[in-house]
Amino acid sequence: MDHQVVIVLDFGGQYNQLIARRVRECGVYCEVKPYTTPIAQLRELDPIGIIFTGGPNSVYDPNAPHADPELFTLGVPILGICYGCQLLAHHLGGRVTAAQADTAREYGRTETFFDPNCKLFRGLPTESVTWMSHGDYMEQVPQGFSLVAHSDACPNVGICDEKRGFYGVQFHPEVNHTQYGTGMIRNFLYEVCKAKGDWTMGDYKNIAIRQIREKVGAGKVLLALSGGVDSSVAAALVAEAVGRQLTCVFVDHGLMRLNEGGEVEQAFSKWDINFVRVNAEDLFLSKLSGISEPEAKRKIIGEEFIRVFEAQAKKIGQVDYLCQGTIYPDVIESGLGASATIKSHHNVGGLPDYVDFKEIIEPLRMLFKDEVRQLGRELGLPEYLVMRQPFPGPGLAIRVIGEVTKEKLDTLRLADFIFRDEVAKANLEDSMSQYFAVLTNMRSVGVMGDGRTYDYTLALRSVTTSDFMTADWTRIPYDVLDRVSVRIVNEVPHINRIVYDITSKPPATVEWE
Ligand code: XMP
């Protein structure tokens with residue numbers, strides 16, 4: 001390892017990714033490992049600290065995940081969070097019990113009191129709000145531990161044995177609701193584990209480039225570039241590492257937003273690589289002709305994409321490596337790297353079966369999305385690419401409701417551009433996770449000048465979400481909506497009515513199709 005590492009030992013908690021992100025935000029590299037990871041493997045990583053995550057179990061459940069007792073003999077500091085804290089107590093001779101209703105069981109925001117002499121809370125206020133979510137509590141703390149935090153309902157909210165470097169908190173320092181949670185994690189890393197803070201994207205870039213060079217040697221690399229953040233950053237990294245040994249195939253299906261195809265090509269013009277842009281708009285539009293069912297559109301686009309990509313790959317001949325933009329959340333969600341199978345590409349809806357290659361390389365495999373963006377910046381990718389919002393693989397085809405035609409796509413592109421332009425001018429981008437226009441298949445009567453119109457209704461959609469599994473509609477200020485509406489009906493032909501979608505997910509989905 002070229003940097004210090006902290007291990008986040010996963011006991012099944014829902015916030016595990018969040019813990020790992022917080023650690024990295026503090027400038028310390030960490031990896032999430034299942035609690036079953038053999039000690040020898042953990043030792044090999046030579047961690048400076050270990051964090052036990054929360055989990056849904058009670059330590060007395062017959063199937064509860066337990067910590068290997070050897071973990072406590074490594075001489076490595078441990079921070080136990082929630083279930084992780086109870087595990088610590090349980091294994092080291094304390095007693096954990098189910099809290100009686102209304103006594104020590106706590107959920108949600110809780111006023112908590114801290115002992116500032118404990119390294120974990122050093123320099124932080126002695127009273128603040130924490131986020132609790134536990135049914136069990138530590139009735140008796142293990143020998144050698146002292147109580148360093150409490151709430152009104154629970155005397156044992158935080159424990160520590162500073163001699164051995166063991167710390168436990170019943171609440172979740174990783175969630176935003178815990179007022180000084182990041183400060184506590186930072187204290188664990190810097191005060192307890194003596195972290196150096198050697199995880200920066202600038203350093204990572206150099207390390208990753210070196211590793212890619214070592215791995216690829218004189219081999220050829222092939223990458224399907226979608227124009228999304230992940231594949232773009234992966235491409236830029238490999239471009240920087242091996243230059244002309246890389247071929248990027250960018251299939252422009254003609255379903256992208258205004259100017260997007262050109263922007264992608266422009267962003268990569270600074271590298272001396274084999275950049276193949278396939279202008280396949282006519283092909284995709286002819287395949288989509290007469291098709292209005294959303295899943296049928298998706299299927300056609302996914303299959304056609306693969307066909308076009310494979311045709312290009314065949315021209316290149318034997319490649320050694322296929323590069324993919326898989327990122328860490330995908331790895332964690334798919335079972336912590338247990339599966340080595342090719343995942344269907346999130347942006348392009350599938351991957352070629354028979355492109356001839358030796359191995360897959362995934363240079364972003366250990367990075368969170370915000371780190372990927374930062375790495376993109378380090379590599380000199382433009383901000384519009386690095387900050388690009390998620391965009392579905394089937395592109396605007398699923399934002400033109402019903403049959404897709406070139407005219408409808410052009411209408412939608414212009415309207416969508418105006419919406420994004422006004423959002424940018426109002427500085428609202430950061431408050432919106434994904435925002436776009438949808439060309440509905442509905443026409444209605446309007447009046448323009450002295451004449452009657454019978455034109456399309458355009459819908460605006462914006463959601464705010466952290467995971468896209470659930471989402472809330474964004475409360476865009478009326479004056480911004482008004483400007484967007486006025487501009488679109490004036491500047492975009494064939495639209496005479498604008499509506500704003502105010503449904504959350506569920507019951508609606510983010511996209512209309
Ligand atoms: P939904 O509409 O399912 O969208 O609430 C959730 C997120 O997924 C994106 N999305 C897609 N991405 N291919 C993709 O690559 C698709 O077919 C697809 N459909 C939806 C959507 O844009 C949102 O970010």
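**Exercise 1. Which residues in helix 5 meet which residues in helix 6? Work out the packing too.**

Some ground rules before solving. This is a predicted model, so local features need pLDDT of at least 70, side-chain atom pairs count only at pLDDT 80 or more, and totals for chains, interfaces and linings use all residues. Residues are numbered from 1 along each chain as its sequence is written, and side-chain values use heavy atoms, with hydrogens and water left out.

*Step 1.* Find the elements: helix 5 is residues 201-216 and helix 6 is residues 229-242. Helices (H or I, at least four residues) and strands (E, at least two) are DSSP runs, numbered from the N terminus.

*Step 2.* List the contacts, meaning heavy atoms within 4.5 Å. From helix 5 come Lys205, Ala208, Ile209, Ile212, Arg213 and Val216; helix 6 answers with Leu237, Val238, Glu240, Ala241 and Val242.

*Step 3.* Sort them by class: eight nonpolar, no polar and three charged residues. Here Ala, Val, Leu, Ile, Met, Phe, Trp, Tyr, Cys and Pro count as nonpolar, Asp, Glu, Lys and Arg as charged, and the others, Gly among them, as polar.

*Step 4.* Get the geometry. The two helices pack at about 65°, and their axes are 9 Å apart. That makes helix 5 roughly perpendicular to helix 6; the cut-offs are under 35 degrees for roughly parallel, over 145 for roughly antiparallel, 65 to 115 for roughly perpendicular, and oblique for the rest. Axes are lines fitted to C-alpha atoms, for helices over the stretch in contact, and angles run from 0 to 180 degrees between N-to-C directions.

**Exercise 2. Lay out the five-stranded sheet and what packs on it.**

*Step 1.* Write the strand order: 14-13-12-15-16, an open sheet with parallel pairing. Two strands pair if DSSP finds at least two bridges between them.

*Step 2.* Pick out the edges. Strand 14 (274-279) and strand 16 (359-361) each have a single partner strand, so one side of each is left without a neighbour in the sheet. The twist averages 25° from one strand to the next.

*Step 3.* Zoom in on one pair. Strand 12 (residues 221-225) and strand 13 (residues 246-252) share five bridges, and Leu223 sits opposite Cys248 in strand 13.

*Step 4.* Add the helices. Helix 6 touches strand 12, strand 13 and strand 15 (321-323), with its direction at about 155° to that of strand 12. Helix 7 (residues 260-267) lies across strand 12, strand 13 and strand 14, at about 170° to strand 14.

**Exercise 3. Do the same for the nine-stranded sheet.**

*Step 1.* The order is 2-1-3-4-11-10-9-6-7; this open sheet has mixed pairing. Its edge strands are strand 2 (29-34) and strand 7 (127-134).

*Step 2.* Take strand 10 (residues 158-161) and strand 11 (residues 166-169): they run antiparallel, joined by four bridges. Cys160 has Tyr167 in strand 11 as its bridge partner.

*Step 3.* Now place helix 1. Helix 1 packs on the sheet, touching strand 1 (5-10), strand 2, strand 3 (49-52) and strand 4 (78-81).

**Exercise 4. Is Thr457 buried or exposed, and what is Thr457 in contact with?**

*Step 1.* Locate Thr457: strand 18 (residues 451-464).

*Step 2.* Check accessibility. Thr457 counts as buried, at 4% relative accessibility. Buried means under 20% relative accessible area, exposed over 50%, partly exposed in between (1.4 Å probe, protein chains only).

*Step 3.* Skip neighbours within four places in sequence, and the contacts of Thr457 are Val438, Leu439, Thr440, Met442, Ser444, Arg497 and Val499.
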